[in-house]
Amino acid sequence: MRSALAVSLNQGLAVDSLGRERMPSTLFTDMGWAGSIAPILGTALRGNPRQLKRFMNSVIMRQGSAQRRGTDLDAAVLAKLMVLEELHLTDFQRLFDWQVRGEGGTVAELAAAEQRALAAAFPRPAPGRGRRRASSDSGGAGGRAEETESAEESELPDPEVVSWADQPHIARWLRLEPALGGTDLGPYFTYARAKLTVTAGAARLPAALQDLLIRLQSDVVGTRRPAAQSVGETVQAENLPLLMDQLLARVLRDPDSGAWDSAVEIAERVPDTVAAVCHTLSSIPLDGIPRAKLSSAVRRLPRDRQEVAALLDGWQSSGHGISPVVARLRAFGRGRSV
């Protein structure tokens with residue numbers, strides 16, 4: 001006897017219940033991508049309602065955060081990436097690293113990996129057997145196999161990517177809808193926030209600066225602050241923009257990290273970095289700025305710079321909850337050295 005609980009609510013049942021005319025298109029779309037990730041996510045989280053709800057809320061919040069900053073993220077693509085981020089963070093980090101470096105895991109190679117995974121799951125029928133049925137099906141395993149006929153001949157040029165994609169859990173993930181090949185994943189990684197590190201993506205930095213970047217992102221003040229204080233004396237002018245690009249990318253993803261404090265402290269001491277730091281801080285949604293980090297910026301950024309004045313004026317006149325906080329900090333900090 002089969003339990004009624006074994007029947008999942010899906011798009012078809014929802015349409016039957018609400019009626020095609022009353023079924024919101026957004027609900028239909030959301031149920032589609034939710035149903036796609038459900039088998040892997042539900043199994044991995046063992047159907048835990050609290051964890052599943054937290055994951056779904058994270059997808060919605062991340063998409064909303066992007067929309068407030070003028071970026072339109074496809075919920076289905078975002079959800080698929082977040083499944084990898086949630087369940088296999090190390091593999092997610094590797095995909096991010098390849099994307100940033102452009103040395104592997106590129107759009108073309110990701111498409112080839114997805115085709116390879118589909119071909120393994122839905123192999124072509126043997127010659128002369130089932131050929132007509134496979135070619136006539138518009139969906140299901142037969143249809144997907146027909147779509148990937150050339151996948152077996154597809155070669156992934158990077159052995160590291162081949163090894164990554166051939167892991168059973170990655171192959172299962174690659175088969176999830178939608179296919180990511182051909183999609184610019186950069187905007188999606190931007191909102192991965194604290195779970196990603198940029199050290200691997202900073203491969204073009206000299207080894208000593210990669211080590212410095214690690215220390216600049218530390219949440220341990222005794223590690224981070226000496227590193228920030230050393231930038232002006234130890235980093236050559238031609239390397240400073242590269243270092244700051246990596247550090248500020250982390251600030252954008254995770255304003256609550258030590259990278260924010262390091263960026264502000266570097267701007268306090270190195271004039272050439274002030275404009276870039278102010279531009280980055282002004283790009284962060286006001287809801288995402290922690291109060292402690294706000295205080296650090298107001299107290300430490302050099303107030304005689306036009307960029308700093310514009311940043312603080314913008315925060316103070318925003319009408320957001322941080323406005324009175326900025327006003328008090330500016331008034332309190334006049335003439336005060338920290």
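These legends walk through several close-up views of a predicted model, one view at a time.

**Figure 1. The whole chain is built from helices, with no strands.** Welcome to the overview. The chain holds 19 helices and zero strands. Of its 338 residues, 42% count as buried. The accessible surface comes to about 17800 Å², and carbon and sulfur atoms account for 52% of that surface. Among contacts in the chain with a separation of 6 or more, 69% join residues 24 or more positions apart.

**Figure 2. Helix α18 has a buried side and another side with exposed residues.** Which residues of α18, spanning residues 306-316, are buried? They are V308, L311, L312 and W315. These four cover an arc of only 90° around the axis, which puts them on the same side of α18. Turn to the other side of α18 and you will find Q306 and A310, which are exposed. A general point helps in reading this pattern. An α-helix has 3.6 residues a turn, so residues three or four places apart point the same way.

**Figure 3. Helices α16 and α18 pack together.** Here α18 returns with a partner, α16, made up of residues 274-283. Two packed helices are described by the angle between their axes and the distance between the axes. For this pair the angle is about 15°, and the axes are 9 Å apart. That angle makes α16 roughly parallel to α18. Their crossing is left-handed. On the α16 side, the residues that meet α18 are V274, A275, C278, L281 and S282. On the α18 side, the residues are E307, V308, L311 and W315. V308, L311 and W315 are also among the buried residues of α18.

**Figure 4. S323 in helix α19 touches W315 of α18.** S323 is found in α19, which covers residues 322-333. Is S323 buried or exposed? With a relative accessibility of 9%, S323 counts as buried. Leaving aside residues up to four places away in sequence, S323 touches W315, Q316, S317 and S318. W315 is one to look for, as a residue of α18 that also meets α16.

**Figure 5. Helices α12 and α13 cross at an oblique angle.** Helix α12 runs over residues 207-216 and helix α13 over residues 221-234. Their axes come within 8 Å and cross at roughly 130°. The two helices are therefore oblique to each other. The crossing is left-handed. From α12, the residues L212, R215 and L216 take part. They meet T223, R224, A227, A228, S230 and V231 in α13.

**Figure 6. Helix α12 also meets helix α14.** Helix α14 spans residues 240-253. The axes of α12 and α14 come within 11 Å, crossing at roughly 35°. This crossing is right-handed. The contacts link L209, L212, L213 and L216 in α12 with L243, Q246 and L247 in α14. Two leucines of α12, L212 and L216, also meet residues of α13.

**Figure 7. Q217 sits in the loop between α12 and α13.** This view moves to the loop that lies between the two helices of Figure 5. Q217 is buried there, with a relative accessible area of 8%. How far apart are the C-alpha atoms of Q217 and G258? The separation is 5.0 Å, although the two residues are 41 residues apart along the chain.

**Figure 8. Q229 in helix α13 is partly exposed.** Q229 is found in α13. Its relative accessible area is 35%, so Q229 is partly exposed. Q229 and R269 are 40 residues apart in sequence, yet the distance between their C-alpha atoms is 7.6 Å.

**Figure 9. Helix α17 is mostly covered.** Helix α17 takes in residues 291-300. How many of its 10 residues are buried? The count is seven. They are K293, L294, S295, S296, A297, V298 and R300.

**Figure 10. A cis peptide bond joins E177 and P178.** Most peptide bonds are trans. The bond between E177 and P178 is cis, with omega about 0°. Where should you look for P178? P178 is found in the loop between α10 (168-174) and α11 (186-190).

Terms used
Residues are numbered from 1 along each chain as its sequence is written. This is a predicted model: local features need pLDDT of at least 70, side-chain atom pairs count only at pLDDT 80 or more; totals for chains, interfaces and linings use all residues. Side-chain values use heavy atoms; hydrogens and water are left out. Buried means under 20% relative accessible area, exposed over 50%, partly exposed in between (1.4 Å probe, protein chains only). The arc is that of the directions from the helix axis to the C-beta atoms. Contact means heavy atoms within 4.5 Å. Accessible areas come from the Shrake-Rupley method with a 1.4 Å probe; for residues, only the protein chains shown count as cover. Axes are lines fitted to C-alpha atoms, for helices over the stretch in contact, and angles run from 0 to 180 degrees between N-to-C directions. Angles under 35 degrees count as roughly parallel, over 145 as roughly antiparallel, 65 to 115 as roughly perpendicular and the rest as oblique. A crossing is left-handed if the near helix is turned anticlockwise from the far one by less than a right angle, and right-handed if clockwise.
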